[in-house]
Amino acid sequence: MNRGLTLSNLVVTGPAGLIVTRMDLHVEPGQTVALVGESGSGKSMTAKAMTGLLPRGVSATGNLQLDDTVIDLSEGPTALSHLRGKRISLLLQNPFTSLSPVHRCGEQITATLSPDLRRSKDEIRRRLDEVDLPERVARQFPFELSGGMRQRVALAASLASNPQILIGDEPTTALDVTTQREMLNLLERIQQERNMSLLLITHDLGVARERADKILVMYAGRLVESGHGSDVFTHAQHPYTAGLRDSDPPLEHRLIELPAIAGSVPHPWEVAIGCVFAPRCNRADDHCRSDAPELVGTASQVACWKPITQIEEQPTLQIAHDVAPQNSKDPLVVLTGLSQRFTPTAPLALDDVSLEIRAGEAVGIVGESGSGKTTLARCLIGLQSFDSGTISWSIDVPMAQRAQIVFQDPTSALNPAMTIGATLAEALRAGQRDKSEVESLLHLVGLPSEYANRRPSGLSGGEQQRVAIARAIAPRPRLLICDEPVSSLDVSVQAQILNLMNSLLRDLGIALLFITHDLAVVRQVASRVYVMNNGKVVESGAMEEVLLSPQHEYTRQLFASVAGK
Amino acid sequence: MTTRRSLIPFVTGIPLSIIAIFVLASRWIVPNATQQDIMTGVTAPGTAGHLFGTDQLGRDIGQLAIAGASSAVVGPIVIALGSMMIGILLGTFAGYMGGWLDLLLSKYADLLLALPTTLVALVVTGLIDGGYWVTVLVLIMLFSPTDIRMIRGSVIAQTGRPYIESAKVLGLSRRRIMFRHILPNVLPVAFSTMLLNVAFALVSMSALSFLGLGVGPGVPDWGRQLSDSRDLIDRNWGSVVLPAMLIIITAAAINLLGDWLQDRFEQRAVQR
């Protein structure tokens, strides 16, 4: 009899302290449950505990029940070994590292089957067919396939043993939006065909809202709210859930300011007493700070002393008009016919790209991986040479004052051996400015002045990105290039950084080139947008026009793929 | 596992600090180490006043070993430091500048690497009739190619990182990027490699003095002591065991400490 999976009283403890605190979870057969949370919320550790894959030094207690089998998790990973990969399967995030590079895909898919089935051509064909892959893939190695195809192979492998429950740990996060949609559709179809339970672990609220029957929200190792489908967000009771919902940038309109949650996600072991969210909550009182609330409720549950009630008025979001492109101003830089090919056999990374950026204007470039958007930025800033075309600047200033760049990963963008102050002072000197401005620069990006003495390792990801932005604006460049500046940040922190960028642009009058794969994010920042695909600009125009009436087929496809918006 | 590894600094620190005291203060601890006493001759360990016995010249084995610490340890430290300085300078240039300079320096390193260390040291010091410091110099040259390669690799790994690209975009000079930005991030690895090199050099130097090269006659040194006492092993086993043990313990302790440091730095790099 199939009764689904129940996880009760899960506690995960690491070397520094608690990682997951008293977690309960139930997935019915054929049901999709989404576990939503930001980094450090403990959602991945929950998946690892359920499959006995916890890293060294991390242990779990609690019970896992699958039908009539009850497993005491404190018995260690061996207790789960006869379920893992058989009745419980795990699909991981990165299809580039989760497959073995030296084995053919066919072998990897059937590795868990009995020896006589393992070599059966029919079996392999059937498995590939289920995930919509052609038969030839069986003889190919993972590196010969695209990311989306690899993830399908990984899915086929995790389905091979016909599991009752599939745990997907961010299974579509590493994929492009269009591929992501196909993958989610495939997952849904297979799940229905097999009446399989699906536990979907994701940081993407849109994916959860669109696909899940039940959503659980985790914060700092605790379950803070759970409920049915998108109700969890539309009628959020926990202030964190509401904050998460509001700080997720909308695609339909531009907001004057994104409602951000102040501060950043704490480590679960740092929270000693009281509600985990209290330090960042604007509803918190002394009670919240001294006593931890329990999860209460029947249909929907919430762990909060002062939950948001239905009658309470939802704060109205201030919708702004998209900023009209400033056609009157002179172009700051004009790119004409830029082309670049990395190796003679590779396709063009940039194919006759022309674009212009006007002084003080915010321009967005939207495209998926491999579209050439990053190559374009690197050519513009001089980190990359190009085969043909011209880049002409209308200003005659030193390189450092022309353009600066902010990268995606803030951790590797700062020199770990230098203090924040030294990093900023160096950038100021490069722009012939005085290093006494370090303090005002820190204030400008919303950091206290004592951060000057810290090293990057002592800062959170959002704070590091603020420093990276401060360094980029230090020489007062005329153009700021941001290459996916918020895609490695948590949603609540992403909103803070986007607000910061908008206010900097307003105050300093710097032009912005914002490169992203995320349409909703670019809408909040840019007034004009270029859509790139396969090294070409396929569409361009004012933000509102492109969004309202996309002309090119690819742009339309991109819009259709955005989940849950 | 974690707890056992965390003991390494203590386990290695105790013998290493005792040896450091021997190196720095042997002239005060054992001022008469080389004093000969023909009348005593060879005695077994445990003879009155001689814990480890004496050699055929009546010198106290224990005192001799304490006095021999400095020539056994100072040379290897100089070798490791010298070869790392060459490694940092050439490795950084090769790694950051790339192109023909990298090719040239890498080929030079490959060439040196192809030479058998002990054999070349034997031939060169034998040919130019050199003493201790010539041996040290030869070993610096022979140790440097691995350091050049190691530093070059680490520099290349850093060069691709966004913080270096940001420095380039700020228009900083190449010298500043190399020595102010890249080098501090390479130094931790360089330091742990240097420690490992001290251990290797200690064994190499001891082997060379055992073969009669390196320190001059009469100068106390572990390797020399070992070779001098070979014939006495049946009359005084202490004369062989003590210097041999000292070489092994020192080399192993330094090696362990270097390994431990390397792991620590790697962990820190991951956490970043």
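**Figure 1. Surroundings of helix α9 of chain A in the predicted model.** The cover over the buried residues of α9(A) includes three strands of chain A: β3 (32-36), β9 (214-219) and β10 (222-228). It also includes the helices α7 (205-211), α8 (231-234) and α17 (491-508) of chain A. Helix α9 itself spans residues 239-247 of chain A and is mostly covered. Nine of its nine residues are buried. The run starts with P239(A), Y240(A) and T241(A). A242(A), G243(A) and L244(A) are buried too, as are R245(A), D246(A) and S247(A).

**Figure 2. The contact between chain A and chain B.** Chain A brings 25 residues to the contact, and chain B brings 15 residues. S412(A), P416(A) and E426(A) lose the most area to chain B on the chain A side. Together they account for 28% of what that side buries. The two chains bury about 1,800 Å² between them. Carbon and sulfur atoms hold 60% of that area. For the model, ipTM is 0.80 and pTM is 0.83.

**Figure 3. Polar links across the interface of chain A and chain B.** Two salt bridges are counted between the chains. One of the residue pairs in a salt bridge is E165(B) with R378(A). Their closest N and O atoms lie 2.7 Å apart. Eight residue pairs are in polar contact across the interface, with both residues at pLDDT 80 or more.
Which elements give two or more residues to the chain A side that touches chain B? They are the helices α11 (373-381), α12 (399-402), α13 (410-413) and α14 (420-430) of chain A, plus strand β18 (403-406) of chain A. α14(A) gives the most, with five residues. By residue type, the chain A side that touches chain B holds 16 nonpolar, five polar and four charged residues.

**Figure 4. The helices of chain B.** Chain B has ten helices and zero strands. Its C-alpha trace spans about 75 × 50 × 30 Å along the principal axes. Of the 272 residues in chain B, 48% are buried. Take contacts in chain B between residues at least 6 apart in sequence: 74% of them join residues at least 24 apart.

**Figure 5. Confidence along chain B.** The mean pLDDT of chain B is 85. A score of at least 70 is reached by 96% of its residues. Among the elements of chain B, helix α1 (residues 2-6) has the lowest mean pLDDT, 66. Helix α7 (residues 162-169) of chain B has the highest, 93.

Conventions
Residues numbered from 1 in each chain as written. Chains lettered and ligands numbered in written order. Predicted model: local features only at pLDDT ≥ 70, side-chain atom pairs only at ≥ 80, totals over all residues. Heavy atoms only, no water. Buried < 20%, exposed > 50% of the residue type's maximum accessible area, 1.4 Å probe, protein only. Helix = DSSP H or I, 4+ residues; strand = E, 2+ residues; numbered from the N terminus. Contact = heavy atoms within 4.5 Å. pLDDT = per-residue confidence, 0-100. Buried area = accessible area lost by both parts, 1.4 Å probe. Salt bridge = Lys/Arg side-chain N within 4 Å of Asp/Glu carboxyl O. Polar contact = N/O pair within 3.5 Å; in protein donor to acceptor, adjacent residues only side chain to side chain. Nonpolar A, V, L, I, M, F, W, Y, C, P; charged D, E, K, R; others polar.
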